[in-house]
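Biologist: Hi, could you walk me through this one? I have the viewer open and some time to chat.

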Amino acid sequence: MNDQHHFKFTPSVWIVPVFLVLVIWSVFLAEDRFNVDWTTHGIYPRTLEGLQGVVLSPFLHGDLNHIANNTFPLFILTTALIYFYRDISLKVLVYGVLFSGLITWVIGRESYHIGASGLIYVLVSFIFFKGMMTQYYRLMALSLTVVMLYGGMIWYVFPEVDRQISWEGHLAGFLTGFVFAALFKTPDYKKAIQYEWEQPDFNPEDDMFMKHFDEHGNFVNTPEPEEEAADKAELIPKPIQYVYVFKENKEAKE
């Protein structure tokens, strides 16, 4: 199937990322405007009250630096997800929030875990591993781009790097994205066929151009087929032959 059917720029490509960014900034500005702190609505591991954070924590941020660091990656990665994986993008976003949050709730330290970084790790992990698994050149290029931009994030899934951040949420998002990449099916992407030699049933031995090359790749002149040579022979005009016949004039003798 032609990949043009899958990779289309639709309004959802930018509407969903903009909506997510607006929501997290609206919550942050509301906290600042009304001088409230909603950190207690984040994930608090292994408590019933802390389960609310599975849904709410991605929209809560501790300070301006925290939300600023999450805004740009969230927008870029969500845009890429919807453009390249439109059919499964909603499942990745919704289930990514839920499962990464639940894993954090299970393995996290006894502290409030907030921020959209868990979802960001879901997106980074999913886009990278899924592109590698498809073996499709466009999606593999996207995977390499994600590695170049956000490859350094891998270090923040380890507790020794910075214990002030929720490395548990990062690890949960990374694992969730990997599992989604293995489970969620994508179409059989194929490059559009433009030339005859790209056809799956193409046989180079039947191609007139390829017959001009030997087994070493050297250009050679192929002999003309016998029928073609015979046809050309028929088209060559035959020489005109003149036959002189001498006849004796008997009237001249008499």
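**Pockets, core and cavity**

Modeller: Happy to, and let's begin with the second largest pocket: 19 residues line this pocket, and Leu 20, Leu 90, Leu 93, Val 94 and Val 97 are the ones nearest its centre. Keep in mind that the model is predicted.

Biologist: Which elements give two or more residues to that lining?

Modeller: Those are α1 (12-34), α3 and α4 (89-107). The largest share comes from α4, with six residues.

Biologist: And how does the lining of the second largest pocket divide into nonpolar, polar and charged?

Modeller: There are 16 nonpolar residues, two polar and one charged. The volume of this second largest pocket is about 310 Å³.

Biologist: OK, what volume does the largest pocket have?

Modeller: About 680 Å³. Its lining has 24 residues, and nearest the centre are His 66, Ser 117, Ile 165, Ser 166 and His 170.

Biologist: What is the make-up of that lining by class?

Modeller: Twelve residues are polar, eight are nonpolar and four are charged.

Biologist: Which element gives the most to the lining of the largest pocket?

Modeller: That's α3, with five residues. Both α3 (64-84) and α5 (117-134) supply at least two residues each.

Biologist: Let me step back a bit. How many helices and strands does the chain have?

Modeller: Nine helices and zero strands. Buried residues make up 34% of the 254 residues. Among contacts with a separation of 6 or more, 75% are between residues 24 or more positions apart.

Biologist: Now the core. Which residues have the most contacts inside the largest nonpolar core?

Modeller: Leu 74, Leu 77, Tyr 85, Val 92 and Phe 126, in a core of 36 residues. Two or more residues each come from α1, α3, α4, α5, α6 (137-150) and α7, and α5 gives the largest share, nine residues. As background, nonpolar side chains tend to be buried together in soluble globular proteins.

Biologist: Phe 126 caught my eye. What is Phe 126 in contact with, leaving aside its neighbours within four places in sequence?

Modeller: Phe 126 is in contact with Leu 81, Tyr 85, Ile 88, Val 92, Gly 131, Gly 177, Phe 180, Ala 181 and Phe 184. Of those partners, Tyr 85 and Val 92 are also on the list of residues with the most contacts inside the core, while Gly 177, Phe 180 and Ala 181 are buried residues of α7.

Biologist: Good, so tell me about α7. What do the buried residues of α7 pack against?

Modeller: They pack against α4 and α5. Besides the ones I just named, the buried residues of α7 include Trp 167, Glu 168, Gly 169 and His 170. His 170 also lies among the residues nearest the centre of the largest pocket.

Biologist: Why does the length of α7 agree with what a helix should span?

Modeller: Helix α7 has 17 residues, 167-183, so at 1.5 Å a residue the expected span is 24 Å, and the end C-alpha atoms are 24 Å apart.

Biologist: Last topic: how many cavities of 30 Å³ or more does the structure hold?

Modeller: One. About 160 Å³ of space lies in that cavity. It is lined by 16 residues, with Ile 43, Ser 57, Gly 115, Gly 118 and Gly 169 nearest its centre.

Biologist: Which elements supply at least two residues each there?

Modeller: α4, α5 and α7, and the largest share, four residues, comes from α4. By class, the cavity lining has eleven polar residues, five nonpolar and no charged.

Conventions
Residues are numbered from 1 along each chain as its sequence is written. This is a predicted model: local features need pLDDT of at least 70, side-chain atom pairs count only at pLDDT 80 or more; totals for chains, interfaces and linings use all residues. Side-chain values use heavy atoms; hydrogens and water are left out. On a 1 Å grid over the protein atoms alone, a cavity is a set of points where a 1.4 Å probe fits but cannot get out, and a pocket is an open set with protein on both sides within 12 Å along at least five of seven lines; lining residues have an atom within 4 Å of a point. Grid points are joined across faces, edges and corners, and a volume is the space filled by probe spheres set on the points. Ala, Val, Leu, Ile, Met, Phe, Trp, Tyr, Cys and Pro count as nonpolar, Asp, Glu, Lys and Arg as charged, and the others, Gly among them, as polar. The expected span of a helix is 1.5 Å times one less than its number of residues. Buried means under 20% relative accessible area, exposed over 50%, partly exposed in between (1.4 Å probe, protein chains only). Contact means heavy atoms within 4.5 Å. A nonpolar core is a set of buried Ala, Val, Leu, Ile, Met, Phe, Trp, Tyr and Cys residues joined through side-chain atoms within 4.5 Å.
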